[in-house]
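Visitor: I would like a close look at a single part of this model, set in the context of what surrounds it. Please take it slowly.

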Amino acid sequence: MTLSDIERQIKACQECPLAKTRTNAVPGEGNFSADIVFLGEGPGKDEDLQGRPFVGAAGKFLTQMIKSIGLKREDVFITNIVKCRPPNNRDPEDDEVSVCTELYLWRQLELVNPILIATLGRHSMHRFLPKNFKISQIHGIPKKVTNKKTGKTFNILPLYHPAAALYNGALRETLENDFKKIPKIIEKLR
Ligand code: SF4
């Protein structure tokens with residue numbers, strides 16, 4: 001099974017109710033052997049229309065921050081917890097998240113095998129860390145976590161979601177500062 005096989009499966013997937021309301025599934029894109037994966041929560045309106053992750057205003061901001069650390073979008077892998085847009089941008093339901101991550105996300109992460117996974121926003125962070133972890137307290141601090149189901153260990157870096165930081169000066173500065181730490185964190189983990 002390759003990442004391209006998974007991509008094909010995602011595009012045809014009917015395994016949860018989000019299949020009925022999506023325009024396009026959004027498998028993710030980028031370098032299949034990237035050092036870093038950026039992991040959002042789910043596709044928004046622009047992503048649903050284009051079938052690509054992080055292509056709206058928040059995506060442009062993310063791309064800008066990726067460039068600020070000397071990388072291009074093609075150097076990293078970008079995906080989401082759920083691959084189809086929840087209607088009206090509601091939060092994905094727990095069962096939608098479980099089905100989608102079991103079927104696709106864990107396998108994608110296993111195949112890319114990145115040095116670091118930057119989680120974007122608290123929903124993404126809470127796939128790896130218990131709900132009592134607050135993003136305001138642990139953003140920008142790398143953590144080693146083990147997936148209880150697969151036994152696989154990941155290094156994650158909790159970051160604020162670019163959409164939250166886009167129009168909030170203080171959060172924006174925090175996110176930009178956390179981004180600046182990424183090259184050194186990867187170097188240290190390598
Ligand atoms: S969100 Fe995931 S599980 Fe649900 S239909 Fe889309 S690809 Fe399938």
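What is the relative accessible area of Thr-153?

Guide: The relative accessible area of Thr-153 is 40%, so this residue is partly exposed, a class lying between buried (under 20%) and exposed (over 50%), with a 1.4 Å probe and protein chains only. The model is predicted, so local features need pLDDT of at least 70 and side-chain atom pairs pLDDT 80 or more, while totals for chains, interfaces and linings use all residues. Residues are numbered from 1 along each chain as its sequence is written, and side-chain values use heavy atoms, without hydrogens or water.

Thr-153 belongs to strand E6, a strand being a DSSP E run of at least two residues and a helix an H or I run of at least four, each numbered from the N terminus. When residues up to four places away in sequence are set aside, Thr-153 touches Lys-144, Val-145 and Thr-146, where contact means heavy atoms within 4.5 Å. With Thr-146 there is also a polar contact between the side chains, at 3.3 Å (N or O atoms within 3.5 Å, one able to donate a hydrogen and the other to accept it; residues adjacent in sequence count only through side-chain atoms). The C-alpha atom of Gly-40, by comparison, is separated from that of Thr-153 by 19 Å, the two residues being 113 apart along the chain.

Strand E6 takes its place in an open sheet of 6 strands with mixed pairing, ordered E1-E3-E2-E4-E6-E5 (pairing requires at least two DSSP bridges). Strand E5, residues 143-146, is one edge of this sheet and strand E1, residues 29-30, is the other, each pairing on one side only. At the E1 edge, 2 bridges connect E1 with strand E3 (residues 77-80) in an antiparallel arrangement, and Gly-30 is placed opposite Phe-77 of E3. Helix H5 packs on the sheet, where it touches E2, E3, E4 and E6, and its direction makes about 170 degrees with that of E3 (lines fitted to C-alpha atoms, for helices over the stretch in contact; N-to-C angles from 0 to 180 degrees).

Beyond the sheet, the largest nonpolar core holds 55 residues, and those touching the most other members are Phe-38, Phe-128, Leu-159, Phe-179 and Ile-182 (buried Ala, Val, Leu, Ile, Met, Phe, Trp, Tyr and Cys joined through side-chain atoms within 4.5 Å). Helix H5, residues 94-112, gives the most to this core, contributing 7 residues. Phe-38, apart from its neighbours within four places in sequence, contacts residues including Phe-77, Leu-120, Leu-159, Phe-179 and Ile-182.
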